[in-house]
Amino acid sequence: MARMIVKYKLIYGICLAMLLAVSRAGGEIQVDFSGNDEIRSGRLRSAIPDPPEDSTGKYFAAWAGAAQASIVALYREQGYFDIRIKKSVKTAGKRDTTVLFEVNEARRYRYDTVRVEPVRRDDSVQTPLPDLQAQRAGYYRREDILRDRTAILRALRNAG
């Protein structure tokens, strides 16, 4: 009986040591943003992929690059085409890592003149076009362009 107790204590000790080793291998990855005046940190955080469990693993660099690309794409959809992002990684001890994305939004692009012209100049189809979302001096937003494109195609299709 005493031998069995020693055996279970040994197994328990080995399992506990393995758990501690696994928990110390990685650490918490904290994601922070600075310079993002127009898009809130929560929205940026939801746009990036979830960070890997371990900042020392081979997937961390790939995740950081993908997160940076996701932030750039989100800003460009809102008209910030000159966006610049600097990524810095700070490690506190062996466990916790903070990734800081420093955003330089630059200026937001606006529409100038918005007009729709037929492909062929001799096109005799006269179609009243719907009110477009893209208005002169309005800020560029990708979703407005896509919505206008759909409305224009629908109007032209209905005209024959």
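A pocket, on this tour, is an open set of grid points with protein on both sides within 12 Å along at least five of seven lines. Keep that in mind for the last stop. One more thing before you click: the model you have open is predicted.

**Stop 1: the whole chain**

Start with everything shown as a cartoon. You should find 4 helices and 3 strands, and if you trace the chain from its beginning, they come in the pattern α-β-α-α-β-β-α. Now switch on a surface. The protein exposes about 11,900 Å², with carbon and sulfur atoms supplying 53% of that area. Of the 160 residues, 24% are buried. As for how the chain meets itself, take the contacts between residues at least 6 apart in sequence: 60% of these join residues at least 24 apart.

**Stop 2: a stacked pair of rings**

Hide the surface and show the aromatic side chains. The structure holds 6 aromatic pairs. Select F33 and F101 to begin with. Their ring centres are 5.8 Å apart and their planes meet at 25°, so this pair counts as stacked. Colour the strands and you'll see what the two rings bring together: F33 sits in strand β1 (residues 29–34) and F101 in strand β3 (residues 96–104), 68 residues apart. Are these two buried or exposed? F33 has a relative accessible area of 12% and is therefore buried. F101 is buried too, with a value of 0%.

**Stop 3: a tilted pair**

Next, select Y111 and Y140. This aromatic pair is tilted, with 6.0 Å from centre to centre and 50° between the planes. Both tyrosines lie in the loop between β3 and α4 (142–159), so the pair ties together parts that are 29 residues apart in sequence. Y111 and Y140 are both buried.

Keep those two on screen and add F81 and Y109. Ring pairs link F81, Y109, Y111 and Y140 into a cluster.

**Stop 4: the second largest pocket**

Finish by selecting V114, R115, L132, A134 and I145. What do they surround? Among the 12 residues lining the second largest pocket, these five lie nearest its centre. The space in this pocket comes to about 160 Å³. Try colouring the lining by class: 7 of the residues are nonpolar, 4 are charged and 1 is polar.

Technical notes:
Residues are numbered from 1 along each chain as its sequence is written. This is a predicted model: local features need pLDDT of at least 70, side-chain atom pairs count only at pLDDT 80 or more; totals for chains, interfaces and linings use all residues. Side-chain values use heavy atoms; hydrogens and water are left out. On a 1 Å grid over the protein atoms alone, a cavity is a set of points where a 1.4 Å probe fits but cannot get out, and a pocket is an open set with protein on both sides within 12 Å along at least five of seven lines; lining residues have an atom within 4 Å of a point. Grid points are joined across faces, edges and corners, and a volume is the space filled by probe spheres set on the points. Ala, Val, Leu, Ile, Met, Phe, Trp, Tyr, Cys and Pro count as nonpolar, Asp, Glu, Lys and Arg as charged, and the others, Gly among them, as polar. Helices (H or I, at least four residues) and strands (E, at least two) are DSSP runs, numbered from the N terminus. Buried means under 20% relative accessible area, exposed over 50%, partly exposed in between (1.4 Å probe, protein chains only). Contact means heavy atoms within 4.5 Å. Accessible areas come from the Shrake-Rupley method with a 1.4 Å probe; for residues, only the protein chains shown count as cover. Rings of Phe, Tyr and Trp (its six-membered ring) pair if their centres lie within 6.5 Å; planes under 30 degrees apart count as stacked, over 60 as edge-to-face and the rest as tilted.
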